[in-house]
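Got your viewer open and a selection box ready? Load the model below and follow along, one stop at a time.

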Amino acid sequence: RFLAVFCCGGLFHLYCDKIRYSGAWALACLFGMAGGLCVPRLADPAVAILGGYALFWFIFRIRAGFLNRIGGRVDISYGLYLYAWPVQNLIIWWYSDISPGLLSVVSTMAAAALGTASCFLIERPFMAWKGRIGSRQSAEASAITEKQSRVQHNL
């Protein structure tokens with residue numbers, strides 16, 4: 001099932017120069033996908049093919065400036081990805097009768113808080129070190145290369 005959806009996305013990429021995106025087709029795909037969701041056997045292909053077309057149309061044709069600004073200064077996406085699963089499992093472990101809706105809200109808020117803390121306390125300091133360590137290593141590497149070329153030249 002997931003392989004089929006992945007392959008569908010791969011085909012969208014493979015034929016990206018041949019696919020023409022239009023708002024009318026995207027709207028038709030959304031209606032077709034909604035209809036396909038009503039038939040269990042058609043739900044997965046409808047989401048992959050028709051939903052994929054509508055999603056890529058939105059991505060490539062709609063210029064939503066406010067969406068581009070999300071994560072511009074503070075990017076908690078990796079922290080959300082990293083902490084969401086453990087947080088959800090801890091909440092379920094502590095409160096086994098929690099509703100899915102409440103679990104979604106509480107776990108998203110907790111994972112976002114942990115992701116924000118991770119961004120400022122872990123990711124940013126390490127990324128700053130990466131710049132300093134990388135420039136020092138490249139300077140050392142160029143010095144070694146220069147020394148090796150002088151030795152070879154003298155041979």
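Start by selecting D17: this is a predicted model, and in it D17 comes out partly exposed, with a relative accessibility of 46%. Add K18 to the selection. K18 has a relative accessible area of 59%, so it falls on the exposed side of the 50% cut-off. Show both side chains and you'll find them joined in a salt bridge, 3.7 Å from N to O. How many salt bridges does the count come to? Just one.

Now zoom out and colour by secondary structure. The protein chain has six helices and zero strands, so to speak a plain α-α-α-α-α-α run from the N terminus on. Switch the colouring to pLDDT before you trust any detail. The average for the protein chain is 83, and 78% of the residues score at least 70. Where is confidence lowest, and where highest? The low end is helix α4 (residues 65–69), with a mean of 62, while α2 tops the chain at 95. Where pLDDT is low, don't read the predicted coordinates in detail.

Next, select C8, F12, Y21, A26, C29, A48 and Y53. These seven residues form the largest nonpolar core. Colour the helices around them: α1 (2–14), α2 (23–36) and α3 (40–61) each put at least two residues into this core. Stay on C8 for a moment and list its contacts. Once neighbours within four places in sequence are set aside, C8 touches A48 and I49.

Keep Y21 selected and turn to the aromatics, where the structure holds six pairs. Add F60 and look at the two rings. The ring centres of Y21 and F60 lie 5.7 Å apart with the planes at 50 degrees, which makes the pair tilted. This pair bridges distant parts of the chain, since Y21 is in the loop between α1 and α2 and F60 is in helix α3, 39 residues apart. Buried or exposed: which is Y21? Y21 has a relative accessibility of 12%, so it counts as buried. F60 is at 41%, so it counts as partly exposed. Extend the selection to F12, Y53 and F56, and you have the cluster that ring pairs build together with Y21 and F60.

For another ring pair, jump to F126 and W129. Their ring centres are 5.0 Å apart and the planes meet at 70 degrees, so this pair is edge-to-face. Both belong to helix α6, and because they are three residues apart there, about one helical turn separates them. W129 is partly exposed, with a relative accessible area of 44%.

Stay in helix α6 (residues 100–154) and select A117. A117 has a relative accessible area of 32%, so it is partly exposed. Now measure across to I76: the C-alpha atoms of A117 and I76 are 8.7 Å apart, although their positions lie 41 residues apart along the chain.

Last stop: clear the selection and turn on the surface. The accessible surface of the protein chain is about 12,300 Å², and carbon and sulfur atoms account for 69% of that. Of the 155 residues in the chain, 16% count as buried. If you want to finish with a contact map, look at pairs at least 6 apart in sequence: 68% of those contacts join residues at least 24 apart.

Key
Residues are numbered from 1 along each chain as its sequence is written. This is a predicted model: local features need pLDDT of at least 70, side-chain atom pairs count only at pLDDT 80 or more; totals for chains, interfaces and linings use all residues. Side-chain values use heavy atoms; hydrogens and water are left out. A nonpolar core is a set of buried Ala, Val, Leu, Ile, Met, Phe, Trp, Tyr and Cys residues joined through side-chain atoms within 4.5 Å. Buried means under 20% relative accessible area, exposed over 50%, partly exposed in between (1.4 Å probe, protein chains only). Helices (H or I, at least four residues) and strands (E, at least two) are DSSP runs, numbered from the N terminus. Contact means heavy atoms within 4.5 Å. pLDDT is the predictor's confidence in each residue, from 0 to 100. Rings of Phe, Tyr and Trp (its six-membered ring) pair if their centres lie within 6.5 Å; planes under 30 degrees apart count as stacked, over 60 as edge-to-face and the rest as tilted. Accessible areas come from the Shrake-Rupley method with a 1.4 Å probe; for residues, only the protein chains shown count as cover. A salt bridge is a side-chain nitrogen of Lys or Arg within 4 Å of a carboxyl oxygen of Asp or Glu.
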